[in-house]
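The exercises below ask you to read contacts and surroundings from a structure. Work through each task yourself before you turn to its solution.

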Amino acid sequence: MRLLLLLLGAGLAIATIVNDRKSIRILPPVWLAFALWAAWAWLSLTWSLEPERSLKEFHNEIGYAALALWVCYVGAQAPNATRIIPPVLAAAAALVCAIALQHSLQGLDRFGEGWHGGPGNLSSALLTLMPCVLMAAWYGKRAGWARIPLLSLGLAALLLVAAYTTLNRTIWFGFAGQLLVIGALLALRERTSIGPRARLIGAAFAIFVVATGALMTSRIQAEREAADPAAALAKDSRLALWPEVLEHIKARPFTGFGFGRGLLRQSLSEELKQPLLWHAHNLFLDTVLQVGIPGLLLLLLLLGATVREGWRMAQAADDLGVACGLAVLGVVAGMVIRNMTDTLWVRQNALLYWGVLGVLFAWGRRPAVRADA
């Protein structure tokens with residue numbers, strides 16, 4: 001279904017470009033960094049331990065992701081896109097949260113089933129959506145719309161409730177990081193008009209965000225340990241996994257073992273005697289394991305290009321440009337934090353990430369589209 005929708009979107013995007021080439025920007029702003037990252041991943045097929053698996057992973061993680069970025073970037077430039085995409089995405093998010101709540105009532109054993117995708121995928125999606133929802137509330141208030149801020153904040157509350165059902169610890173650090181990034185940059189933007197009282201409130205808000213994140217993480221950790229004593233932090237299997245991954249990286253630091261998660265799945269699972277430890281459970285370690293240090297540098301270049309674009313958009317004179325730029329920075333921050341303890345920037349999570357960024361890039365860089373918002 002994902003592939004069919006991507007192909008349909010690509011066909012429509014091509015038709016749009018053919019009919020209206022002059023008014024459409026074809027390539028998203030990070031296309032060069034993405035292409036360099038993709039080229040090195042493709043080159044790794046020549047030395048991969050499993051070339052066929054790497055080729056399949058390349059199609060899934062690079063090809064489909066690039067298509068999602070491009071289709072959403074072109075599609076979001078349509079005249080009525082700002083009236084269509086937000087309510088559709090909000091309705092989908094609310095539906096996913098409702099499904100997650102329903103499954104949480106059936107117990108932890110059933111929570112991994114359903115369209116919400118289980119704890120890992122749901123937490124990744126929520127971190128991608130939260131900055132967009134928060135900036136929609138901010139933009140709605142600046143535009144003088146009474147309903148948009150209320151609806152956005154209501155959806156943000158629903159995302160938080162759904163986040164609690166995952167019993168995931170990292171997501172609360174992700175939310176805290178996103179709020180701190182967005183709040184700090186908004187304060188920096190308005191620094192000339194912020195008085196001492198506002199600065200004090202801002203500092204108190206930052207402390208509150210960090211404390212709340214720590215409290216939620218501690219509470220969830222206590223619940224996990226109560227359900228399973230083996231879930232204690234001191235017994236976390238990743239503490240044994242990461243040194244083992246580093247040993248494998250030393251064997252091929254420049255090239256890695258080939259693009260795609262799980263090329264060393266059998267070796268890692270057998271060495272650690274845990275079937276769930278089949279990849280590095282850390283985005284950057286997994287990247288070096290797959291495509292070596294050059295691949296990691298190219299990934300950092302891609303992330304840096306995305307952050308740079310978000311920063312440039314956040315300096316725009318109009319509020320929609322600012323909202324899109326800050327949302328981009330929040331999405332990147334959430335993705336990076338979430339993937340420090342797992343490798344979930346794949347499949348539907350990657351499609352959602354790149355699709356959302358494509359939309360934000362289009363709206364943040366196009367004055368004609370922004371005027372229609």
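At 46% relative accessibility, Glu-247 counts as partly exposed, where buried means under 20% relative accessible area, exposed over 50%, and partly exposed in between (1.4 Å probe, protein chains only). This is a predicted model, in which local features need pLDDT of at least 70 and side-chain atom pairs count only at pLDDT 80 or more, while totals for chains, interfaces and linings use all residues. Residues are numbered from 1 along each chain as its sequence is written, and side-chain values use heavy atoms, with hydrogens and water left out.

**Exercise 1.** Find the salt bridge that Glu-247 makes with Lys-250, and state in which helix both residues lie.

*Solution.* Begin with the contact: the side chains of Lys-250 and Glu-247 meet at 3.4 Å, N to O, and a salt bridge requires a side-chain nitrogen of Lys or Arg within 4 Å of a carboxyl oxygen of Asp or Glu. Next, locate the two residues, which both lie in helix H10 (residues 238-251), 3 residues apart, or about one turn of the helix; helices (H or I, at least four residues) are DSSP runs, numbered from the N terminus. Finally, consider the surroundings: Lys-250 is exposed, with a relative accessible area of 59%.

**Exercise 2.** Determine which parts of the chain are tied together by the salt bridge between Glu-57 and Arg-347.

*Solution.* The first step is the distance, which is 3.1 Å from N to O for the side chains of Glu-57 and Arg-347. Because Glu-57 lies in helix H3 (residues 51-75) and Arg-347 in helix H14 (residues 347-365), the pair ties together parts that are 290 residues apart in sequence. The second step is accessibility: Glu-57 counts as buried at 6%, whereas Arg-347 is partly exposed at 28%. The last step is to look for further partners, and here Glu-57, Glu-61 and Arg-347 are linked in a network of salt bridges.

**Exercise 3.** Describe how helices H8 and H13 pack.

*Solution.* Start from the geometry: helix H8 (residues 170-189) and helix H13 (residues 319-338) pack at an angle of about 150 degrees, with their axes 8 Å apart. That angle makes H8 roughly antiparallel to H13, since angles under 35 degrees count as roughly parallel, over 145 as roughly antiparallel, 65 to 115 as roughly perpendicular and the rest as oblique. The axes are lines fitted to C-alpha atoms, for helices over the stretch in contact, and angles run from 0 to 180 degrees between N-to-C directions.
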